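Hello,

Here is the structure I promised to pass on. Have a look at it first, and then read on for what I found.

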Amino acid sequence: MTEEPVASDRPASLWAATAPPAPATVSLPPGEYRADVLVVGAGFTGLSAALAAAERGADVVLLEAAEIGSGGSGLNNGQVIPDLSRADPDEIVAARGADKGEALIALIRDSAQTTFDLIRRHGIACDAVQNGWLQPAHTPGRVTRISRPRFEQWRRRGAPVELLDAGQVAALTGSSYWHGGLRNASGGHVDPLALARGLARAAARAGVRLYTRSPAIGMERAGETWRVRTDAATVLAKRVVIATNAYGTNRVWPGLDRSWVPRRSYQMATAPLPEAVRRSILPTDAAMSDTHGDLYFCRFDRRGRLVTGGALIFDYDFEPRLKRRIGDRLALLFPQIGRPEFDYVWHGQLSMTADKLPHMHALAEGVITWVGCNGRGVALGIALGAVLADAALGIAPADLPLPFTTLGRVPAHALAARIAPWMMALFRWRDAQP
Ligand SMILES: Cc1cc2nc3c(=O)[nH]c(=O)nc-3n(C[C@H](O)[C@H](O)[C@H](O)COP(=O)(O)OP(=O)(O)OC[C@H]3O[C@@H](n4cnc5c(N)ncnc54)[C@H](O)[C@@H]3O)c2cc1C
């Protein structure tokens, strides 16, 4: 967690093979530069923040350590999901109070629509499919304890949700494995790397000066501004948005990487499935992630590959072990698939917070960030990027949907990071309970 990430550390994903090429970029040449807003990190958060700030007239520089979308944004499953992985609306209100809680809920409720609208507005070619997101329940108890209250709480807040019985879930998934569940019509899926690259193109068109292979390696106050250093250059900016999320290190801002715990998530893509099999699974082309703690999830890409994945407690030999484990899982869910061939296996890192909520921090005057995607950061990262742009351009904190808090530290961070993979054993035990 202390070395700057470089592209070669990142495993080759399906999306690296399918996304249109990235716009041409260079690393920041030696010299001293000035900007109104400096954004660090070219994932969904940083790109959305840079684009929004530039569209509002700010002069923006964006520094990316590796390549556009080479963090979580280009490595994920591409599910556009308008909720949090754990906390339901009532819990958000309990944690954040009525005003801020409801403001965050509204942001999350609208985040998938915001994402698809942004894609349309900028004409981004990223195989965007807005055919809904499904959350099937893997036991009857989960229908009662998760699907129903989640449905009620989101419906009360105007989200386009439906409660589904077992038959409806079977029709929408092509599997009789689940017992009921939830559908949110505003969700869907994208090629996430194509989306990141498309956002970068849109940001560049809006005037953002975007530099790749330019890690920020430190920053200090210089009068009214911040002086942010790369190996070769400095950028002076009044406002700095740190959008490094789960790929952040403690060099840009000491302690930032102690405010969350990293967790690895594995992604896999099958070979293209025969048309008849393809049409029998997720026939409406929805995205799906269910109620297991050891999450069952999948969606199709445009070539009929099922894009899925899973988690492991130990990382050794991950490729053959995952092919066996997830192959068995798919055969259980969709017997018509037989033993699938996997063409791609890759992984990425998530930022987990102790309370499973996203946190927006004011690190110092003019320096802001958010952490804590907890596995849901496609729509949320894009929505929060625009909020960070608002904050950087002077919108009063009282008018933002998240409070700015001071940087927290996960208690016993080193131990928590070590224990994190073992949580999967607990999740699997819980998953087996009715
Ligand atoms: C395997 C996986 C699957 C997931 N699946 C889903 C999903 O299906 N749906 C969903 O909603 N969410 C999913 N997520 C979560 C989601 O991908 C992330 O929350 C989201 O992409 C985070 O975006 P971001 O821009 O905040 O961070 P990132 O995309 O991680 O971007 C951070 C960037 O900062 C750069 N950086 C780091 N340090 C520096 C530095 N010093 N200087 C300059 N740049 C720096 C990094 O190189 C990186 O490009 C998944 C995550 C993973 C890892």
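Which atom of the ligand is 2.5 Å from an N or O atom in the side chain of Ser 73? In this predicted model, the partner of that Ser 73 side-chain atom is an oxygen atom of the ligand. Two further pairs involve the protein backbone. A ligand nitrogen atom sits 2.9 Å from a polar backbone atom of Ala 65, and a backbone N or O atom of Tyr 247 is 3.5 Å from a nitrogen atom of the ligand. The protein buries 97% of the 1000 Å² that the ligand exposes when taken alone.

Helix H2 (44–55), helix H3 (72–75), strand S12 (261–270) and strand S16 (342–352) each give two or more residues to the shell around the ligand. There are 35 residues around the ligand, and those that come nearest are Thr 45, Glu 64, Ser 73, Gln 79 and Asn 245. Sorted by class, the shell holds 13 nonpolar, 18 polar and four charged residues.

I also looked at a pair of helices. The axes of helix H5 (residues 98–121) and helix H11 (residues 378–392) come within 8 Å and cross at roughly 90°, so H5 and H11 are roughly perpendicular to each other. On the H5 side, the contact is made by Leu 107, Ile 108, Ser 111, Ala 112, Thr 115 and Leu 118; H11 brings Ala 379, Leu 380, Ile 382, Ala 383, Leu 384 and Val 387. This contact of H5 with H11 has ten nonpolar residues, two polar ones and no charged ones.

Best wishes

Conventions. Residues are numbered from 1 along each chain as its sequence is written. This is a predicted model: local features need pLDDT of at least 70, side-chain atom pairs count only at pLDDT 80 or more; totals for chains, interfaces and linings use all residues. Side-chain values use heavy atoms; hydrogens and water are left out. Axes are lines fitted to C-alpha atoms, for helices over the stretch in contact, and angles run from 0 to 180 degrees between N-to-C directions. Helices (H or I, at least four residues) and strands (E, at least two) are DSSP runs, numbered from the N terminus. Angles under 35 degrees count as roughly parallel, over 145 as roughly antiparallel, 65 to 115 as roughly perpendicular and the rest as oblique. Contact means heavy atoms within 4.5 Å. Ala, Val, Leu, Ile, Met, Phe, Trp, Tyr, Cys and Pro count as nonpolar, Asp, Glu, Lys and Arg as charged, and the others, Gly among them, as polar. A residue is near a molecule or strand if one of its heavy atoms lies within 4 Å of it. A polar contact is a pair of N or O atoms within 3.5 Å; within protein, one must be able to donate a hydrogen and the other to accept it, and residues adjacent in sequence count only if both atoms are side-chain atoms. Accessible areas come from the Shrake-Rupley method with a 1.4 Å probe; for residues, only the protein chains shown count as cover.
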